[in-house]
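Student: I would like to work through this structure by question and answer. Could we proceed from the sheets to the helices and the metal site?

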Amino acid sequence: MSEVIELEQVTFGYKDNGFSLREINLKIKEGKFLSILGPNGSGKSTLLKIISGQLQPSKGFVKFKGKEISEIPPKERAKRLALVSQNTTIVYPFTVYEIVAMGRTPYLNFLGYEKKKDSEVVHYALQQMGIEHLAGKSITRISGGEAQRAFIARALAQEPEVILLDEANAHLDVKHQISIYKTLKELNEQKGITVVFVSHDFNLPARFAERILLLKEGRIFKDGTIKNILTQGNIKTVFDVNSEILQRENSIDVLLRV
Ligand code: ADP
Ligand code: MG
């Protein structure tokens with residue numbers, strides 16, 4: 001399997017504060033399911049924006065399948081890589097269908113006509129996120145969790161090779177959190193889509209991800225398998241909380257000690 005994403009010696013800083021991502025070395029193989037965990041402000045969202053080409057590193061490089069990401073034209077990038085951002089807000093009252101159909105924009109011809117295939121993909125994405133019944137509703141008049149599912153559906157409608165999700169289940173109830181992970185896992189296993197999921201929860205990533213990256217103060221603190229990474233010691237160092245790790249057959253559960 002080849003690398004789909006490659007970051008080498010990536011450094012990035014915002015101009016107006018002291019935060020920086022430093023010396024990020026990261027290779028993600030095609031078809032993997034990776035979770036990035038870390039406390040607030042550790043740089044998770046910044047890292048996803050760097051990976052997706054939204055932000056440019058000041059040093060180092062970001063490659064998508066061997067090609068510098070900034071050299072891939074935006075339209076092609078949107079067909080290959082989708083980012084579900086944290087806290088997306090839309091003020092214009094687009095319908096849920098329209099929002100999801102925006103995921104098809106890179107595929108439309110210059111006249112912007114939606115073909116049969118485009119509407120099929122949109123309907124399938126609505127169905128995967130369980131929001132077909134909301135298709136005609138305005139995005140401004142549904143709950144935060146429902147809107148979140150619409151944004152994930154829009155990303156699925158892009159039919160990307162890589163999907164990056166930034167705390168995409170933060171507004172969802174537990175049932176829908178699990179169902180989003182299941183849908184992503186299915187896409188990952190059946191279609192070989194590479195999934196990078198930023199989360200601040202431990203237990204769902206522990207069930208679904210193959211690899212976990214712990215971020216601390218803009219650096220990769222640890223990178224490895226669930227069992228090697230989700231340890232009492234690492235959780236204490238990175239999140240400053242006490243925990244207990246319960247071993248399961250194929251996974252682990254993290255119990256927080258409060
Ligand atoms: P996380 O997603 O892990 O909570 P972020 O990547 O959003 O962390 O933020 C890392 C740090 O960078 C924080 O200190 C945050 O305040 C700062 N930051 C995030 N976005 C910007 C921005 N657009 N301009 C300046 N500073 C920012
Ligand atoms: Mg964030």
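Student: Which residue in S4 stands opposite Ile5?

Tutor: This is a predicted model. Strand S1 (residues 3-13) and strand S4 (residues 59-64) pair in the antiparallel sense, over 5 bridges. The residue of S4 that stands opposite Ile5 is Phe64.

Student: Which are the edge strands of the open sheet that S1 and S4 belong to?

Tutor: The sheet has 4 strands in the order S2-S1-S4-S5, and its pairing is antiparallel. An edge strand pairs on one side only. That description applies to strand S2 (20-29) and strand S5 (67-68).

Student: At about what angle to S1 does H1 pack on this sheet?

Tutor: Helix H1 touches S1, S2 and S4 as it packs on the sheet. Its direction makes an angle with that of S1 of about 125°.

Student: In the open sheet of 6 strands, which residue in S9 stands opposite Ile36?

Tutor: The strand order of this sheet is S6-S7-S8-S3-S9-S10, with mixed pairing. Within it, strand S3 (residues 33-37) and strand S9 (residues 211-216) run parallel and are joined by 4 bridges. Opposite Ile36 in S9 stands Leu213.

Student: At about what angle to S6 does H5 pack on that sheet?

Tutor: H5 touches S6 and S7 where it packs on the sheet. The directions of H5 and S6 make an angle of about 175°.

Student: What distance separates the end C-alpha atoms of H5, and why is a value of that kind expected?

Tutor: Helix H5 covers residues 144-157, which is 14 residues. At 1.5 Å a residue, the expected span is 20 Å, because the rise is multiplied by one less than the number of residues. The computed separation of the end C-alpha atoms agrees with this: 20 Å.

Student: How many residues of H5 are buried, and what covers them?

Tutor: The cover includes strand S6 (81-84), helix H3 (96-101), helix H4 (116-128), strand S7 (162-166) and helix H6 (174-191). Among the buried residues are Phe151, Ile152 and Leu156. With buried taken as under 20% relative accessible area, the count for H5 is 11 of its 14 residues.

Student: How many residues apart in sequence are the parts tied together by the pair that coordinates the magnesium ion?

Tutor: The magnesium ion (ligand 2) is coordinated by Ser45 (OG) and Gln86 (OE1), at 2.1 to 2.3 Å. Ser45 lies in helix H1 (residues 44-51), whereas Gln86 lies in the loop between S6 and H3, so the pair ties together parts whose separation in sequence is 41 residues.

Student: What is the relative accessible area of Gln86?

Tutor: Gln86 is partly exposed. Its relative accessible area is 31%.

Key. Residues numbered from 1 in each chain as written. Chains lettered and ligands numbered in written order. Predicted model: local features only at pLDDT ≥ 70, side-chain atom pairs only at ≥ 80, totals over all residues. Heavy atoms only, no water. Helix = DSSP H or I, 4+ residues; strand = E, 2+ residues; numbered from the N terminus. Buried < 20%, exposed > 50% of the residue type's maximum accessible area, 1.4 Å probe, protein only. Contact = heavy atoms within 4.5 Å. Donors = N, O, S within 2.8 Å, 3.2 Å for Na, K, Ca; no water. Pairing = 2+ DSSP bridges. Axes fitted to C-alpha atoms, helices over the stretch in contact; angles between N-to-C directions.
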